Amino acid sequence: MPFSKDSDQVGMRKALEEAYKSYNEGGIPIGAVLLQSNGTILGTGHNERIQKSSATLHGEISALENAGRLKPEVYRDCTMYTTLSMCTGAILLYKIPRLVIGENVNFMGSEELLKSNDVDIIVLDDEECKSLMKRFIAEKPQDWNEDIGEV
């Protein structure tokens, strides 16, 4: 797929904007973007579990919802950008071949499972992503624990 560092920076910058949007709404600051290899942004979203009292609206699910119904071949020509390592199920279900993660220090999803299913994973280790999530976890540990299924 013809993705470059420039397109990865564009995708991650937009995902980070979505994360800040969620944080400013009182939600969990995780943003996501579905970007086609031609540079077209198909969908953006952010974690809305708190804002909409939703059990499922994680950032990547929100981005997929906002992209709308797409043909299987479209997903296979995309990269999912997410500020935090979390979106295993959606990536596998839609066979999205590439995932760019802002950070996986505050939380690591099932990256090994994704890799074992031939998903190309790039972790940017982005300081802004790490800082925003760390701040949120310190401010609202109960909301964070709920989001990741911890008691």
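This is a short tour of a predicted model, with three stops to select in the viewer.

**Stop 1: helix α1**

Select residues 5-24, which form helix α1. With 20 residues at 1.5 Å a residue, the helix should span 28 Å, and its end C-alpha atoms are 28 Å apart, so the two values agree. Next, colour the buried residues of α1: S7, D8, G11, M12, A15, L16, E18, A19, S22 and Y23. Show their surroundings, and the elements they pack against appear: the strands β1 (31-36), β2 (41-46), β3 (78-84), β4 and β5 (120-123), along with helix α6 (127-139). Then move just past the end of α1 to G26, where phi is positive, at about 90°.

**Stop 2: an aromatic pair**

The structure holds two aromatic pairs. For one of them, select F107 and W144, whose rings meet edge-to-face, 5.9 Å centre to centre and with 85° between the planes. F107 sits in the loop between β4 (98-103) and α5 (111-116), while W144 belongs to helix α7 (residues 141-147). The pair thus links distant parts of the chain, 37 residues apart. Switch on the surface: F107 is partly exposed, at 24% relative accessible area, whereas W144 is buried, at 5%.

**Stop 3: the largest pocket**

Finally, select I61, L64, E65, G68, R69, L70, Y75, A90, L93 and Y94, the residues that line the largest pocket. Its volume is about 170 Å³. Helices α2 (59-67) and α4 (88-94) each supply at least two residues of this lining. Coloured by type, the lining shows seven nonpolar residues, one polar and two charged.

Note on methods: Residues are numbered from 1 along each chain as its sequence is written. This is a predicted model: local features need pLDDT of at least 70, side-chain atom pairs count only at pLDDT 80 or more; totals for chains, interfaces and linings use all residues. Side-chain values use heavy atoms; hydrogens and water are left out. Rings of Phe, Tyr and Trp (its six-membered ring) pair if their centres lie within 6.5 Å; planes under 30 degrees apart count as stacked, over 60 as edge-to-face and the rest as tilted. Helices (H or I, at least four residues) and strands (E, at least two) are DSSP runs, numbered from the N terminus. Buried means under 20% relative accessible area, exposed over 50%, partly exposed in between (1.4 Å probe, protein chains only). On a 1 Å grid over the protein atoms alone, a cavity is a set of points where a 1.4 Å probe fits but cannot get out, and a pocket is an open set with protein on both sides within 12 Å along at least five of seven lines; lining residues have an atom within 4 Å of a point. Grid points are joined across faces, edges and corners, and a volume is the space filled by probe spheres set on the points. Ala, Val, Leu, Ile, Met, Phe, Trp, Tyr, Cys and Pro count as nonpolar, Asp, Glu, Lys and Arg as charged, and the others, Gly among them, as polar. The expected span of a helix is 1.5 Å times one less than its number of residues. Contact means heavy atoms within 4.5 Å.
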